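Visitor: Please take me closely through one part of this model, the place where helices pack against one another, and then show how that part fits with the rest of the chain. I would like the criteria behind each term as we go.

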Amino acid sequence: MAVPVRAGTGRAGRLEYALPHSNPGVAAHVWSPVFQDCREPADRSARSRIQGTPVSTPLLEKDAVKAAALRRMKLLATSLLVLLGIIFVVAFALQDQYPWLQYVRAAAEGGMVGALADWFAVTALFKHPLGLKIPHTAIIPRNKDQIGATLGDFVEDNFLSDEVVEAKLTSIGIAQRAGAWLARPESADRVAREGAAAIRGILRVLDDDAVRDVLESMFRRHVVDVPWGPPAGRMAERIFDEGHHHQLVDLLVDSLSDWVRQNPDVVSRLVSERSPSWVPSFLDDLVGDRVQVELNRFLAAVQEDPNHQVRVALDNYLRGLARDLQHDPEAMAKAERIKEQVLDDPRVRELVTQTWSTIKTALSDAVDDPDSELSTNFKAAVQDFGSRLVSDPELAAKVNAYIADAAGYLVRTYRKDIAGVITETVERWDADETSEKIELQVGKDLQFIRINGTVVGSLAGLAIFTVAHAIFG
């Protein structure tokens, strides 16, 4: 029967046991690691090592639960081994007096063999059993980097593929789910708040002088340095060919006709001022009235006849001007002089430099006020977009396709980098810490191997002894 010869924590914190008629030191060396598995270390450092976390890192609650479950399973597996050891000793001592105890002894003996074998196998995954550097033990610490590389390759080949990602995104229906969430008022408010916070952060980070320099550079590159003649000529030619200027001509003729009818004295005064002094005034009045009537008749004819010679002449002039702006060097040079006169105005340059300040102030005021027109319209647009994603299958399908394409591009482009995070992370881990992390995650299930080995060994030992006893007596 196993009896304790020494119990204490010592340097390693182990309980040492000895068997009768054996060397106490050897027995203690055999039994001490078994009991060490089920004993909670006394010092904080050892506890943290078993739980797979650095001493200075507080345990997450789920890790603490896993560590406690692992200790319980180790205690259960070791307790079965101890129990079978006690049963073996008792049965071995009394089997001559009670022959049926031979079967009990055989079952206990097989169970101990199975338990010790499986304890060795499980321990060999994470450390050297008994501290002996036996070949092909401490598998995880020795092959840590290879395990990380293999795990990274496995994730890259089986999870980070276009087919897997696209199939998963298609089955989820991201657009519909996002639409249902965005359609809720509280979600739109949240998006608006987050967007406002992002805008405020960007406005604080941006350098005003740098932004002004960029705006001025863009204005100079796209407005000042670009010749005005050819672009203006092409745009005018398109407008004139399509007849969009006719409405403007109508407006000008109508306005001129109204002005002439409302100001008849102006025509009479102009006639009087330009007629010789010896002409009688009544004759000036007659001529002025006649000019007024003819002018009204002429303007009315221009208004009523879309093909009037004045309109045709005006169309020809405008089309000619559009062609000259594109091909006539003199007309293009004149357009450039007009551009320089306009842009050399100090007020124009000041307006360009103040554009950023105006935009920044307007944005800051809008995002700071949750009831501003910008915020209100943005929330309404978010809710409307969410509702359309839910109610419009075609739009949702397009959005899902865009998301799948973007995810596929990211996977194709960065799959090696993403999988490399796993490999590099495992490589940075300490070998012992890696072993303890893995043991914390799967150690509880591995302890069932020890329990199963104990049960199977007991049944196998009993069966072997029974068959042998039946055959050989």
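Guide: What follows starts with one helix packing, moves to the contacts and salt bridges around it, and ends with the chain as a whole. This is a predicted model, in which local features need pLDDT of at least 70 and side-chain atom pairs count only at pLDDT 80 or more, while totals for chains, interfaces and linings use all residues. Residues are numbered from 1 along each chain as its sequence is written, and side-chain values use heavy atoms, with hydrogens and water left out.

The part to look at is the meeting of helix α18 (residues 373–391) with helix α19 (residues 393–428), whose axes come within 5 Å and cross at roughly 100°. Helices here are DSSP runs of H or I with at least four residues, strands are runs of E with at least two, and both are numbered from the N terminus. The axes are lines fitted to C-alpha atoms, for helices over the stretch in contact, and the angles run from 0 to 180 degrees between N-to-C directions. The crossing therefore makes α18 roughly perpendicular to α19, on a scale where angles under 35 degrees count as roughly parallel, over 145 as roughly antiparallel, 65 to 115 as roughly perpendicular and the rest as oblique.

On the α18 side, Phe385, Arg388, Leu389 and Ser391 make the contact, and on the α19 side they meet Pro393, Leu395, Ala396 and Val399, where contact means heavy atoms within 4.5 Å. These residues divide into 6 nonpolar, 1 polar and 1 charged; Ala, Val, Leu, Ile, Met, Phe, Trp, Tyr, Cys and Pro count as nonpolar, Asp, Glu, Lys and Arg as charged, and the others, Gly among them, as polar.

Helix α19 also packs with helix α8 (residues 174–182), at an angle of about 115° and with the axes 8 Å apart. In that packing, Ile174, Ala175 and Gln176 of α8 meet Ala396, Val399, Asn400 and Ile403 of α19, and the residues of the contact divide into 5 nonpolar, 2 polar and no charged. Ala396 and Val399 of α19 thus take part in the contact with α18 and in the contact with α8.

Helix α18 has a further link through a salt bridge, which is a side-chain nitrogen of Lys or Arg within 4 Å of a carboxyl oxygen of Asp or Glu. The side chains of Asp189 and Lys379 meet in this way at 3.5 Å, N to O, and the pair links distant parts of the chain, with Asp189 in helix α9 (residues 185–205) and Lys379 in helix α18, 190 residues apart. Lys379 is buried, with a relative accessible area of 18%, whereas Asp189 is partly exposed, at 28%; buried means under 20% relative accessible area, exposed over 50%, and partly exposed in between, with a 1.4 Å probe and protein chains only.

By the salt-bridge rule the count comes to 9, and two further pairs can be set beside that of Lys379. Glu439 and Lys74 meet at 3.0 Å, N to O; Glu439 lies in helix α20 (residues 431–472) and Lys74 in helix α3 (residues 61–94), so the pair ties together parts that are 365 residues apart in sequence. Glu439 and Lys74 are both buried. Arg311 and Asp250 meet at 2.6 Å, N to O, linking helix α15 (residues 309–327) to helix α12 (residues 246–262) across 61 residues. Arg311 counts as buried at 9% relative accessibility, while Asp250 is partly exposed at 29%.

Helix α20 also holds Ile449, which is partly exposed, with a relative accessible area of 37%. The C-alpha atoms of Ile449 and Trp119 are 8.3 Å apart, although these residues are 330 residues apart in sequence. Leaving aside neighbours within four places in sequence, Ile449 is in contact with Asp118 and Val122.

For the protein as a whole, there are 20 helices and 2 strands, and buried residues make up 31% of the 473 residues. Among contacts between residues at least 6 apart in sequence, 66% join residues at least 24 apart.
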